[in-house]
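Please open the model in your viewer and keep the sequence panel beside it, since each stop on this tour begins with a selection.

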Amino acid sequence: MSQEIQVKRAMCYCPTHCRVAVNVKDGELISVDYKKKKETLTAERWSTVVSGCPRAVYAKDWFYHPLRLDYPLKRSGERGENKWQRISWKQAFDEIAQKLKELREKYGPETLVFNTIGEHNTCEIFRGRFQNLFGTPNYISSATICFGEGIMLSTLLSGGWPIYFPHIRPETKCIVIWGANPDVTWPYIGQAIEDARKNGCKIIVVDPRRIDAVANADSWLQLRPGTDCALLLGMINMIIKEGLYDKDFVERWCHGFDKLTERAQGYPLEKVAEITGVPASKIEEATRLYATNKPGMIFNSMGIEQIPNHIPALHARNILPAIVGNIDVLGGELLGPRPTKMRPGVEIDLNDKLSLEQKAKQIGGGRFKLLSWTAWEMARQAAEKVGEVPIPAFWTVIASAPLVFRSIIEEKPYPIKALITEATNPLLTFSNTKLVYEAFKKLDLHVAIDVVMTSTCQLADYVLPAASWLEKAVIHGGEYDEIAHGGEAALSPVKEGQYERKPEYEIWRELGIRLGQEEHWPWKTLEEALSYRLEPLGLTFEEFIDGGGVIPFTYDPKRYEKGGFGTPTGKFELYSTVLEKLGYDPLPQYKEPPQSPISTPDMAKEYPLILINAKRRWYYHSQFRQIESLRKRYPDPLVQINPSKAKELGIADGDWVWIETPLGRVKHKCEYFEGIDPQVVSAEYGWTFPEKPAADPSLYGLWESNINVIIDDALEYCDPISGGWPLRAIMCKVYKMEG
Ligand SMILES: Nc1nc2c(c(=O)[nH]1)N[C@H]1C(S)=C(S)[C@@H](COP(=O)(O)OP(=O)(O)OC[C@H]3O[C@@H](n4cnc5c(=O)[nH]c(N)nc54)[C@H](O)[C@@H]3O)O[C@H]1N2
Ligand SMILES: Nc1nc2c(c(=O)[nH]1)N[C@H]1C(S)=C(S)[C@@H](COP(=O)(O)OP(=O)(O)OC[C@H]3O[C@@H](n4cnc5c(=O)[nH]c(N)nc54)[C@H](O)[C@@H]3O)O[C@H]1N2
Ligand SMILES: [Mo]
């Protein structure tokens with residue numbers, strides 16, 4: 001029975017969340033169309049699509065790959081032996097729920113930890129509902145080292161969160177690409193920046209590497225990794241000293257300008273030049289460019305989020321646009337979106353059902369308070385004071401992962417026995433892999449929910465096959481995103497005799513019903529649950545998709561003029577009363593990275609190079625190495641080294657080298673790269689070799705080239721405010737592999 005090609009409207013799963021046309025015939029995937037469209041940003045983002053995206057080009061190879069998960073699996077050998085038994089969903093739900101019940105009775109609900117970032121269309125708020133009703137405060141996530149902490153910080157300073165997606169507009173006169181590589185990692189933003197540049201917008205790049213955007217930029221500040229905070233404070237100091245700030249905005253709407261002025265005085269340009277390695281004249285020129293071409297914006301990404309002491313750096317990064325008057329103006333840094341009328345996250349995740357007593361048990365919540373319930377509660381109160389919906393907690397209240405792994409091993413402060421990993425691959429993406437591995441080996445129960453077999457799945461007791469983005473409905477955004485938009489399931493997650501996958505929603509619901517949460521799960525399917533979210537708009541999910549699948553967000557600049565900023569002082573808090581209340585420095589201060597030629601000169605004798613990481617176009621974190629056609633083009637993990645340094649070390653372009661730190665060594669292939677300082681090397685991350693043995697200890701070659709094996713997550717290295725562990729500015733040595 002041959003049918004015509006049907007066109008389904010799905011949503012791809014990377015944070016760009018492109019809405020794409022999926023061509024389907026007889027229930028099989030034919031192709032995914034990413035149409036290129038010019039007007040790439042703001043409300044049009046949903047229709048942006050960057051042609052040639054590997055997610056599209058290799059969609060079929062990925063969708064039909066033999067490593068895709070098809071049925072629930074139960075471990076039949078030792079953990080890690082790669083011996084599996086196929087079981088029914090009913091057996092999986094019954095057994096997992098029974099085990100969770102036993103563990104909860106014996107150790108308390110806090111014994112269960114969730115691990116996910118929820119980036120992949122997984123419908124996180126419903127997982128949050130399951131978590132809160134189960135009664136555990138423990139959720140760990142890469143959001144601690146991705147945008148979660150940055151969003152939380154800017155929410156506390158401004159009541160909004162300007163720093164996530166930049167709203168580039170025709171009015172925009174200057175863009176600072178700060179520790180971001182949008183041409184590679186956010187192609188639609190890269191495209192929008194290039195369009196703006198052609199319209200006369202000034203471009204400044206702050207990155208230790210010469211990224212593609214440098215070619216056409218007006219200024220490139222090639223700073224020493226991890227010194228961003230000093231650079232920012234130097235720029236702030238110069239702007240204040242020269243009177244380049246927006247006096248009216250500062251006077252009327254900023255809190256703590258005098259104290260900031262005093263603090264910034266400690267950062268004259270000559271001193272900043274010495275710290276950062278950027279000549280004072282270049283800093284001066286870039287600062288003037290930024291302060292005199294308004295409105296402008298900073299687009300920052302992991303280059304700041306993942307350095308040591310990144311919270312003070314992010315704090316300074318928030319202050320800079322505020323003092324020049326770039327906050328909440330069209331073409332500048334608009335404060336986070338006005339939530340749509342969709343049912344808000346707090347009504348779905350039911351975090352009020354989690355008792356205060358349980359909330360207080362969050363691992364690390366008393367030490368790294370930015371991502372604790374205490375900070376969230378302050379944000380909630382400030383938001384409600386100005387009639388705003390609070391930021392969703394499922395993304396910003398996060399336990400400390402390094403502490404959780406240590407707690408599992410040491411059983412302190414209480415036993416953690418169960419972990420559910422969903423849409424994440426922590427053995428590749430969290431640091432100190434050996435510790436993560438030891439923690440996984442010690443668990444009583446590990447359930448992994450994924451779409452392909454991974455190193456992390458190999459250490460599970462149960463592996464549950466999730467429906468992929470092609471096989472499930474989704475609504476994205478509406479609260480922390482600039483738009484709410486969605487996609488339908490393009491293909492069925494169930495195919496008789498071939499596979500039986502499920503959207504995560506159904507997993508939480510089935511487990512929830514077995515754990516006494518029945519009254520809270522009235523919606524049988526994901527689509528019904530999403531219709532509940534849309535109810536205040538008078539739409540069902542189907543109607544929403546038929547109507548285009550978008551709830552655009554209307555811009556509402558300068559809304560603080562109506563009721564003030566959603567902060568305790570009602571002003572933009574340069575000086576943070578919240579950080580002060582939590583016991584931290586209310587103003588940013590630069591601290592030398594814990595490992596550096598300056599702070600650890602002895603260590604630098606043995607480990608003289610500074611390691612950073614950067615992402616590549618084709619791979620997505622730990623994903624896609626199993627796709628043979630893609631691997632043929634990009635077969636090896638690369639490390640970028642300046643040719644002059646490489647030659648000094650006797651390393652030729654293309655040689656295999658060891659990268660070593662006190663934690664061990666991993667191998668990468670040397671790529672000569674002129675655009676990096678001779679003292680800095682930049683490694684790829686996320687590498688395993690799915691063609692290698694699956695069973696422990698290989699776990700697909702986990703220990704060979706995975707850069708996180710040699711990056712430490714020691715608590716004294718973590719940011720004292722957020723608990724984020726540093727991934728960049730790490731001392732290392734590099735030498736040629738023998739043979
Ligand atoms: N192809 C692809 N696209 C992706 C992803 C992927 O894995 N692959 N991941 C997605 C996700 S979740 C994220 S968060 C984004 C990340 O997107 P980006 O943050 O844009 O990417 P990164 O390569 O992690 O880092 C950005 C830049 O930081 C620079 N950098 C390193 N150390 C420092 C430093 O000390 N200071 C400064 N100022 N810069 C520094 C690097 O040289 C790099 O150019 O990409 C998203 N898009
Ligand atoms: N050293 C170093 N470490 C880093 C970074 C770095 O730059 N350097 N970057 C960090 C950043 S920015 C981030 S965001 C994190 C990312 O960390 P992770 O989120 O752990 O990264 P991924 O490798 O993308 O893992 C996603 C997993 O989800 C699975 N998946 C895909 N679609 C679905 C789905 O629909 N449902 C389910 N259940 N599973 C699905 C994939 O198969 C994959 O195994 O890594 C961080 N780690
Ligand atoms: Mo990320």
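Select ligand 1 first: how far is an oxygen atom of ligand 1 from an N or O atom in the side chain of Thr-185? In this predicted model, the separation is 2.7 Å. Keep ligand 1 selected and add Asp-207, whose side chain likewise places an N or O atom 2.7 Å from an oxygen atom of the ligand. At Asn-181, by contrast, display the backbone, because there a polar backbone atom lies 2.8 Å from a ligand oxygen and the definition of a polar contact takes in N or O pairs within 3.5 Å. The protein covers 99% of the 910 Å² of accessible area that ligand 1 has on its own.

Now widen the selection to the surroundings of ligand 1, which number 32 residues, with Thr-185, Asp-207, Asp-228, Ser-301 and Arg-728 coming nearest. Colouring this shell by class will show 16 nonpolar, seven polar and nine charged residues, and the helices α6 (182-185) and α13 (302-305) each contribute at least two residues to the shell.

Move next to ligand 2, around which there are 33 residues, the nearest being Thr-424, Asp-450, Glu-504, Asn-613 and Ser-622. Arg-728, already met among the nearest residues of ligand 1, has a polar side-chain atom 3.0 Å from an oxygen atom of ligand 2. Backbone atoms also take part: an N or O atom of Asn-425 lies 2.9 Å from a ligand oxygen, and one of Ala-423 lies 3.5 Å from a ligand oxygen. Taken alone, ligand 2 exposes 920 Å², of which the protein buries 99%. Coloured by class, the shell divides into 14 nonpolar, 14 polar and five charged residues.

Leave the ligands and select residues 373-385, the 13 residues of helix α17, which reaches 18 Å from its first C-alpha to its last, close to the 18 Å expected at 1.5 Å a residue. At the N-terminal end, Ser-372 acts as a cap, with a side-chain oxygen 3.3 Å from the backbone nitrogen of Thr-374, while just after the helix Gly-387 takes a positive phi of about 70 degrees. Which elements do the buried residues of α17 pack against? Those residues, including Trp-373, Trp-376 and Met-378, pack against α5 (147-158), α15 (345-349), α16 (356-359) and α26 (577-581).

From Trp-373, go to Phe-541, 168 residues apart from it along the chain and separated from it by 32 Å between C-alpha atoms. Phe-541 lies in helix α24 (residues 541-546) and is buried, with a relative accessible area of 4%. Leaving aside residues up to four places away in sequence, its contacts include Val-474, Ile-475, Leu-530 and Leu-534.

The last stops concern backbone geometry. Most residues other than glycine have a negative phi, and most peptide bonds are trans. In the loop between α18 and β13, Glu-411 has a positive phi near 55 degrees, and this residue is partly exposed, with a relative accessible area of 34%. In that loop, select Pro-413 as well, where the peptide bond from Lys-412 is cis, with omega near 0 degrees. Another cis bond joins Asp-696 and Pro-697, with omega about 10 degrees, and Pro-697 sits in the loop between β26 (680-683) and α30 (702-705). Finish at Ala-729, in the loop between α30 and β27 (730-736): its phi is positive, near 65 degrees, and Ala-729 is buried, with a relative accessible area of 6%.

Conventions:
Residues are numbered from 1 along each chain as its sequence is written. Chains are lettered from A and ligands numbered from 1 in the order in which they are written. This is a predicted model: local features need pLDDT of at least 70, side-chain atom pairs count only at pLDDT 80 or more; totals for chains, interfaces and linings use all residues. Side-chain values use heavy atoms; hydrogens and water are left out. Helices (H or I, at least four residues) and strands (E, at least two) are DSSP runs, numbered from the N terminus. The expected span of a helix is 1.5 Å times one less than its number of residues. Buried means under 20% relative accessible area, exposed over 50%, partly exposed in between (1.4 Å probe, protein chains only). Contact means heavy atoms within 4.5 Å. A polar contact is a pair of N or O atoms within 3.5 Å; within protein, one must be able to donate a hydrogen and the other to accept it, and residues adjacent in sequence count only if both atoms are side-chain atoms. A residue is near a molecule or strand if one of its heavy atoms lies within 4 Å of it. Accessible areas come from the Shrake-Rupley method with a 1.4 Å probe; for residues, only the protein chains shown count as cover. Ala, Val, Leu, Ile, Met, Phe, Trp, Tyr, Cys and Pro count as nonpolar, Asp, Glu, Lys and Arg as charged, and the others, Gly among them, as polar.
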